[in-house]
Amino acid sequence: MKLNTNSNAYIIIYSTILVVIVAFLLAFVFQALKPMQDANVALDVKKQILYSLNIRGLDGAEAEAKYAEVVKSEEKAGDQLYYVCDIKGEKKYVFPLKGMGLWGGISAFVSVNDDLNTIYGAYFNHESETAGLGAEIKDSQAWQEKFQGKKIFSEDGQLAIGVVKKVENPDSHVDCVTGATLTSNGVSDMLREGLKQYVEHLKK
């Protein structure tokens with residue numbers, strides 16, 4: 001019996017088999033590459049933590065070695081993970097933070113001195129902010145460096161850290177990214193809410 005390649009049944013069966021084969025191949029490739037993808041994600045997180053400690057410009061192997069050297073332990077504040085580090089004999093805490101920008105999620109790693117009040121360094125990231133505007137929170141190292149030395153709390157214990165249009169308290173304020181007010185507001189909220197929770201946990 002001659003196979004009718006123009007019949008609807010043949011087309012449906014052929015298409016189904018083709019889809020199954022392609023799906024199997026994609027699943028196989030995904031599983032084969034997943035360990036490498038997971039390793040790359042883990043390395044990227046380690047690099048971001050090092051950036052927050054003002055350690056930049058390292059390749060993969062160098063970053064792995066430096067991370068192992070300076071990160072002494074991983075601790076938990078409730079469900080939130082944070083990192084206890086040592087930089088030249090001085091204890092630093094690195095706190096992961098998450099918030100919302102204009103177009104999507106934003107995140108950060110912020111390192112704080114052992115006084116639990118002075119920011120040592122910061123690195124910010126985003127999912128989908130506007131290039132040249134909100135994306136500057138990630139792309140501008142100079143802007144991130146403005147957080148170094150800022151105080152989280154005022155002398156009377158009030159939460160003071162913030163990203164503002166007009167800097168009135170240079171000890172705790174950083175000027176916002178030009179043209180990205182909503183993203184800057186998201187960074188400010190993320191810093192204030194996240195850092196307060198970690199500091200309160202560590203002071204208990």
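Q: What makes side chains of the protein chain count as positive or negative?
A: The protein chain has 22 positive and 26 negative side chains. Lys and Arg count as positive, Asp and Glu as negative; His and the chain ends are not counted. The centres of the two sets lie 2 Å apart, with each charge placed at NZ of Lys, CZ of Arg, CG of Asp or CD of Glu.

This is a predicted model, where local features need pLDDT of at least 70, side-chain atom pairs count only at pLDDT 80 or more, and totals for chains, interfaces and linings use all residues. Residues are numbered from 1 along each chain as its sequence is written, and side-chain values use heavy atoms, leaving out hydrogens and water.

Q: Why is the pair K46 and E64 called a salt bridge?
A: The term asks for a side-chain nitrogen of Lys or Arg within 4 Å of a carboxyl oxygen of Asp or Glu. K46 and E64 meet at 2.9 Å, N to O, so the pair qualifies. K46 lies in helix α1 (residues 8-52) and E64 in helix α2 (residues 60-70), so the pair ties together parts that are 18 residues apart in sequence. Helices here are DSSP runs of H or I, at least four residues, numbered from the N terminus.

Q: Why is K92 called buried or exposed?
A: Buried means under 20% relative accessible area, exposed over 50%, partly exposed in between (1.4 Å probe, protein chains only). K92 has 3%, so K92 is buried. Its salt-bridge partner E90, at 3.1 Å between the closest N and O atoms, has 46%, so E90 is partly exposed.

Conventions. Helix = DSSP H or I, 4+ residues; strand = E, 2+ residues; numbered from the N terminus.
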